[in-house]
Amino acid sequence: MLILGIIIAVCLLYVAIGYNSLVKKRNDVTNAFGSIDAMLKKRFDLIPNIVATVQQYAKHEESLFTKVTEMRSKRYGQLSDEEKAEFDKAFTQVSRQFIAVAENYPELKASENFMHLQRTLNEVEEQLSAARRTYNACVTDYNNAVMTFPSNLIAGIFGFSSKPVLSIPEEERQNVSVKNLFQS
């Protein structure tokens with residue numbers, strides 16, 4: 001009888017430790033996504049304001065600046081996670097176009113305001129990239145715990161399910177043609 005009690009106690013202890021581990025990993029995933037969200041919010045608020053400053057200096061590419069301003073006009077807090085991800089993709093495309101504008105307008109490129117914008121864009125994108133890597137690492141760790149034996153038994157009992165990692169669209173996986181970048 002004592003041995004049965006010990007076995008039951010060990011099993012319950014294992015379930016409690018396994019459950020707590022899964023909760024911690026799930027919370028790490030949520031926290032990592034929160035970091036991405038914070039960086040997207042920073043980009044959403046900061047970059048358009050800097051662009052507005054540069055816009056006063058350069059009127060060369062009105063449609064490009066208009067796209068950034070239109071994105072800024074949406075309320076960030078009201079966007080769903082999917083809309084935030086779509087904003088992220090759209091902003092990435094616009095920022096690439098913005099850099100291309102700099103290549104076509106040397107006087108814009110030489111502007112101190114524009115140089116500040118380029119540095120800020122680079123810094124924010126690097127921070128966002130780091131946040132995405134952290135998120136994917138947390139998701140992988142969590143998914144490993146949800147999918148591997150014996151923790152998958154506890155995950156199944158308590159309804160833990162795997163989460164998707166962030167990935168880039170296929171068109172962004174193509175190699176950059178440096179030759180094409182220098183043709184105008």
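1. Phe-160 is a buried residue, with a relative accessibility of 7%. The model in which it is found is predicted, and the burial of Phe-160 is a convenient starting point for this note. Phe-160 is placed in the loop between helix 6 and helix 7, while Tyr-19 belongs to helix 1.

2. The count of aromatic pairs comes to three. In one of them, the ring centres of Tyr-19 and Phe-160 are 5.7 Å apart and the ring planes stand at 70°, so this pair is classed as edge-to-face. Because Tyr-19 lies in helix 1 and Phe-160 in the loop between helix 6 and helix 7, the pair ties together parts that are 141 residues apart in sequence. Tyr-19 itself is partly exposed, at 31% relative accessibility, whereas Phe-160 is buried at 7%. Ring pairs also bring in Phe-158, which forms a cluster with Tyr-19 and Phe-160.

3. Phe-33 and Tyr-135 make up another edge-to-face pair, with 5.8 Å from centre to centre and 65° between the planes. This pair, too, links distant parts of the chain: Phe-33 is in helix 1 and Tyr-135 in helix 5, 102 residues apart. On the helix 5 side, Tyr-135 is buried, its relative accessible area being 7%. On the helix 1 side, Phe-33 counts as partly exposed, at 24% relative accessibility.

4. The largest nonpolar core comprises 28 residues, and Leu-22, Ile-47, Leu-117 and Phe-160 have the most contacts inside it. Helix 1, helix 3 (81–104), helix 5 and helix 6 are the elements that give two or more residues to this core. Helix 5 gives the most, with 12 residues. Phe-160 thus appears both in this core and in the aromatic cluster with Tyr-19 and Phe-158.

5. Ile-47 may be examined through its contacts. Its neighbours within four places in sequence being left aside, Ile-47 is in contact with Lys-42, Phe-91, Leu-117, Thr-120, Leu-121 and Val-124. Among these partners is Leu-117, which is also listed with Ile-47 among the core residues with the most contacts.

6. The structure holds two salt bridges. In general terms, side chains of opposite charge can pair when their charged atoms come close. Lys-24 is bridged to Asp-28, the closest N and O atoms lying 2.9 Å apart. Lys-24 and Asp-28 are four residues apart in helix 1 (residues 2–57), so about one helical turn separates them. Lys-24 is exposed, with a relative accessible area of 52%, and Asp-28 counts as partly exposed at 27%.

7. The other salt bridge joins the side chains of Asp-141 and Lys-25, at 3.0 Å from N to O. Asp-141 belongs to helix 5 (residues 112–147) and Lys-25 to helix 1, and the pair thereby links distant parts of the chain, 116 residues apart. Asp-141 is partly exposed, with a relative accessible area of 37%. Lys-25, by contrast, counts as buried, at 18% relative accessibility. A reviewer may wish to note that Lys-25 falls under the 20% limit for burial.

8. Helix 6 (residues 151–158) has Ser-151, Ile-154 and Ala-155 as its buried residues. Viewed down the helix axis, the buried residues of helix 6 fall within an arc of 100°, so they line one face of the helix. Gly-156 and Ile-157 are exposed on the other side of helix 6. Gly-159 follows helix 6 and has a positive phi, near 80°.

9. Asn-152 is also placed in helix 6 and counts as partly exposed, at 27% relative accessibility. Apart from its neighbours within four places in sequence, Asn-152 is in contact with Ala-145, Val-146 and Met-147. The C-alpha atoms of Asn-152 and Leu-22 are separated by 9.7 Å, although these residues are 130 residues apart along the chain.

10. A final point concerns confidence. The protein averages a pLDDT of 77, and 67% of the residues score at least 70. Among the elements of the protein, helix 6 has the highest mean pLDDT, 93, and helix 7 (residues 178–181) the lowest, 51.

Methods: Residues are numbered from 1 along each chain as its sequence is written. Side-chain values use heavy atoms; hydrogens and water are left out. A salt bridge is a side-chain nitrogen of Lys or Arg within 4 Å of a carboxyl oxygen of Asp or Glu. Buried means under 20% relative accessible area, exposed over 50%, partly exposed in between (1.4 Å probe, protein chains only). The arc is that of the directions from the helix axis to the C-beta atoms. pLDDT is the predictor's confidence in each residue, from 0 to 100. Rings of Phe, Tyr and Trp (its six-membered ring) pair if their centres lie within 6.5 Å; planes under 30 degrees apart count as stacked, over 60 as edge-to-face and the rest as tilted. Contact means heavy atoms within 4.5 Å. A nonpolar core is a set of buried Ala, Val, Leu, Ile, Met, Phe, Trp, Tyr and Cys residues joined through side-chain atoms within 4.5 Å.
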